[in-house]
Amino acid sequence: MNRIKKHPVIDTDKPAGELEFRFDGSNFTGKEGEAISSALFANGIRHFSEHPKDGMAQSIFCANGQCSQCNVLVNGVVRKACVTPLAAGMDIRSIKGLPPLLTDDKPAELPGLEHFDCEVLVVGAGPSGLAAAIELAELGFKLMLVDDKPSLGGKLLLQSHKFFGSEEDCYAGTRGYDIAKILENKVKTHPNIKVMANTPLAGIFKDRKAGLYIDYKHYGLVSFKALLIATGAREKSILFPGNDLPGVYGAGAFQTLVNRDLVKAANRVFVIGSGNVGLIASYHALQAGIEVAGICEILPKINGYKVHADKILRMGVPVHLGSTVLSVEGDGKVERITIAKTDQDFRPILESAQSFEVDTVLVATGLSPCDEFYKQAVAFGFTAVKAGDAEEIAEASSAMFGGRIAAINLAKMLGKNVKLDQNWLDKREVLKSRPGDIISRNAPIVSSSWQPVFFCTEEIPCNPCTSVCPTHSINLKPRKGNMLDLPYFKGQCKGCSACVAACPGLAISLVRLRDDGMAEVRIPFEFDASHFETGARLLALDQDGKPVTEAELLAKQYNKKYRSWLLTLKAKPEDAVRIIGIRVQDEEVSRPLPVPSFKYLPDNAIVCRCERVTVKEITDFIKANKVRDINQLKTIRVGMGACGSKTCSVLLPQVFRKAGVDPATVTDGSLRPLSLEVPLGEMAEVLEGL
Amino acid sequence: MESCDVLIIGAGSVGVPLAMYTAKKGLKTIVIEKNPSWGRGQNRAAIGGIRATHSDPAKIKICQESISIVSGLKDNYGLDVEWKSGGYLFAAYNKETQEAFKGLLKIQKAAGLNIDWIEAGRVSELCPGINTDGLLGGTYSPEDGYASPLMTSTAFHRLASEAGAEFRFSEKLLSMKSSSGRIVSVKTDKEDYSAGVLVNAAGADAAELGSLAGLDLPVYPDLHEGGVTEPCEHFMEPMLVDIRPDDKSGNYYFYQAKTGQIVFCITPKPQIWGKDCDSSSGFLPLVAKRMVKLYPRLKNLKVRRIWRGAYPMTPDGLPIAGYPKGIDNLLLAVGMCGQGFMLGPGLGKILAETIDAGSNGCSQIFSELSLYRKFEGMELLK
């Protein structure tokens, strides 16, 4: 079983009943209530179904209910494996070609429709939706808060890392899933909020109603006066040949499998994209005992926070800058990835190709807002606002302020006399800031009393170290005059190590001089250290992961609050101030194959995953038919699949460019309900006499 | 001023195939369309059925042509439009319907149509799983069928372009000038045109266009919604039509496309007039109830997408085709009443021939579909 039994920061002893299910006629065991996709992955099954167009193996891509790549037959009915909970005795089957329709000819027992009414329908209970709902409810609005997942919190639930931002404003230093619990409690106990979890929005309609797929079991309609759309973002797909192989999927999907469902989804991954999502996913992989062969980034510099990149480098994962993916290949599953350097026009230099043997490729090339409900609402003339990633891709800490701001704006639109706190706007701006400058620091002079050493050299919106210091001796040194400023120590350090444990970037150590002329350095370590023996010599690394020295482990302690180990090492004073990590991964893991092995066929990349339409098929069609309207691509089934072009729409501009057409001259595809499929029998209005 | 032989207003169900035929005849053809591409008015909302089994001789003749054209696109031009000759099946669940269908059979057979009454057992063979409770049988016309409207309009657009027709998209007609019984110029937001023949093929906008020429065209769009499910293995053959009304709807019909999806729509009761093509919340609960009652196994099939489109209706449910009195060069091809997709190819071919012949020929069709008819009654199989 590919289960994660031990994890340095996530509880692995969550109680869940074991149960039996069948997949294609064989018996397997899984955990009650987990997503079917997770149960299949845990049993080593990654090949879920076969596409009707060409028999290509199908597997997860988003694991988030968005893309429908993971469809399987569940007791005879097609279901998305990633949002269908496993139950005892389930008969799960691959779909090979077109699925058969269950020949159940008994008169349908129709559950009928549920009808609801509210003032504001808040769609999405991630950080922004939750924050917005609380704000609106406090203002006296009667709300419905719907979310497509069984637990509230959105992506907070997948975030096992400590939060950036500031402690007073957005729970910085607390891990995402703990923040989710705090906010969930608030909305569930508020008398003005009706919470419906596990209930995706299926569509909004011109008659000011929204369709809900309640508990994924029956359909309901809700009337509303206004909408607050906080539906988050989805991972962008990317074009390279082999982007459709089972084992290529989103970094978010990976976090779902690994962090939420504790499935060891891979043995060795390669990550495309060095934004925070890619960097954090890599870190999470390592924490889950999964090897990371490398990260590639098309830009010449790291795209995410430097502290996240530094962590990854220290763990032994190389980041290949200025590099792109040439191909992912394998026999029905990912077996290797080939990357190459790019020239100044981002074209690959084939001679520089390097191949790596991996079983999984994580796509972390950015997020695109899930804003289609908002767009439709505006087109319909409804009172609507958007918040969080649906509005602008940013950190969850910023999204919480964004939610509150959106709530106030909506309240104003609804005629409430409220004033927006300028402070919130400022905080949101700061929290969503891109990283500022890199500022060099001087190493401190080691003395006999403890003092912190900061490896935090890039301006990012973060300050938990300043609020956890019991002597208030860590403060931001004003440069920009906001949270982007870097922390500096001045005052008295008691050696409590709170700053070391709380720093989300693992970028603070404590040092002091010993009587024997050597120094002690205390560093954070978010991997299993229970097997480390005191007295052992560990290879200590500097900020970028370069070896400093073999240092003796003097002591280790586990900080329960921050779920982090604190390791105290002995080193020469000049070394001690440079030490901030211990290598986790063997260098062998990130070594390329001696000779690259790939075919470069970029036009074979899949654009429309649902209907398996390639770059070449689309560019040929555009040229032959002089297409300047995305709606016409439906002729070759682009966007006609279950996902409703959620995945391919972000790729189409570059495909038009490849066909020699300026995307600015192309009409957008029309947005129409439903945004997820609902069985006919579950949406029938039951009237008298039926 | 740009001049051409044929200026068609509307790149839709009628305009695009018509342009193909006029261009093929060597006539310089320009098509003006307000939408950014072809088929984006009512054509995109068609569900795809094409049948010749109507109750009116003119429509029968036109649609027989259409079937021959659409079913031949693959063999003649290598353009697959997913045509399937799955037949139309009008199911009868009560005596009155049965009698009405049987009465119509006489007219239909006299027009040379391949259609007959089939018993309930045969209905179940064609539609396995259909509710047989009270099922008496139905009329079945195996040569009718269905095709993908998207693929079909793209095929016609391509063939028309290849034949030399020019399409001007995102261009709006503003005014017309007439003189001594002819339209002498047409002004759009981009260009002025003069044309030998101007064709009003403007679908839901036909009446507005007519008024620019001083005509009062009785074409009033009403709104219908349609939908498509996820695909599944092939299990039903014909377009299945249930004409029984209930308190909120009239007839409804659906078929399984070649690619496996069920495509469906329903006639709302009362009719919804206008042009607002945004989806409403009531459609799915209404159509779902009726479909799963008629065909219980559909309960497990998931709806993928829905849409709304306009039926450019005339008072009697029949199209208007021909030249109005007093304007020699304005050809009307309007009021397709929701059947533009099935009428368009045949009508386009017939009209192109009359334009080419420079005549008001095709007298039977023009007289039956005349603007000056009485517009009485309503076609039974609308």
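Select Gly381(A) to begin: this glycine follows helix H8 of chain A and has a positive phi, near 80°. The structure is a predicted model, in which local features need pLDDT of at least 70, side-chain atom pairs count only at pLDDT 80 or more, and totals for chains, interfaces and linings use all residues. Residues are numbered from 1 along each chain as its sequence is written, and chains are lettered from A and ligands numbered from 1 in the order in which they are written.

**Helix H8 of chain A**

Extend the selection to residues 372–379, which make up H8(A). Helices (H or I, at least four residues) and strands (E, at least two) are DSSP runs, numbered from the N terminus. The buried residues of H8(A) are Glu372(A), Phe373(A), Tyr374(A), Gln376(A) and Ala377(A). A residue is termed buried if 20 or more other C-beta atoms lie within 10 Å of its own, exposed if 12 or fewer, and partly exposed in between, with C-beta atoms placed from the backbone. Against which strands do the buried residues of H8(A) pack? Display strand S9 (120–123), strand S12 (201–205), strand S15 (226–229) and strand S26 (383–386) of chain A to see these partners.

**Chain A as a whole**

Zoom out to chain A, which has 15 helices and 38 strands. Its radius of gyration is 26 Å, close to the 26 Å that the globule rule gives for 690 residues, so chain A is as compact as a globular protein of that length. The radius is taken over C-alpha atoms, and the rule is 2.2 Å times the number of residues to the power 0.38. Along the principal axes, the C-alpha atoms of chain A fill a box of roughly 90 × 65 × 55 Å. Buried residues account for 57% of the 690 residues in chain A. Of the contacts in chain A between residues at least 6 apart in sequence, 67% join residues at least 24 apart; two residues are in contact if their C-beta atoms, placed from the backbone, lie within 7 Å.

**A seven-stranded sheet**

Next, select the strands S27-S30-S31-S34-S33-S32-S35 of chain A, which in this order form an open sheet with antiparallel pairing. Two strands pair if DSSP finds at least two bridges between them. Which strands stand at the edges? They are strand S27 (451–454) and strand S35 (581–582) of chain A, each with a single partner strand, so one side of each is left without a neighbour in the sheet.

Within this sheet, focus on strand S32 (residues 537–541) of chain A, which five bridges join to S33(A) in an antiparallel arrangement. Leu538(A) has Ala551(A) as its bridge partner in S33(A).

**Backbone features in loops**

Move to Arg563(A), in the loop between strand S33 (547–559) and strand S34 (564–571) of chain A. Its phi is near 50°, a positive value in a residue other than glycine. Arg563(A) is partly exposed, with 18 other C-beta atoms within 10 Å.

Arg637(A) lies in the loop between helix H14 (615–625) and H15 of chain A. Although not a glycine, Arg637(A) has a positive phi of about 75°; with 19 C-beta neighbours inside 10 Å, it counts as partly exposed.

Then select Pro673(A) and Leu674(A), joined by a cis peptide bond with omega about 0°. Leu674(A) is in the loop between helix H15 (652–658) and strand S38 (678–679) of chain A.

**From chain A to chain B**

Strand S38(A) leads to the other chain: two bridges join S38(A) to S16(B), and the strands run antiparallel. Here Pro679(A) has Lys302(B) as its bridge partner.

Now display the full contact, which takes 41 residues from chain B and 47 residues from chain A. On the side of chain B that touches chain A, helix H5 (149–162), strand S12 (220–231), H7 and strand S16 (302–313) of chain B each supply at least two residues. Which element of chain B gives the most to this side? H7(B) does, with eight residues. By class, this side of chain B has 18 nonpolar, ten polar and 13 charged residues. Ala, Val, Leu, Ile, Met, Phe, Trp, Tyr, Cys and Pro count as nonpolar, Asp, Glu, Lys and Arg as charged, and the others, Gly among them, as polar.

A final stop is Pro270(B), in the loop between strand S15 (261–268) and helix H7 (283–294) of chain B. A cis peptide bond joins Lys269(B) to Pro270(B), with omega about -5°.
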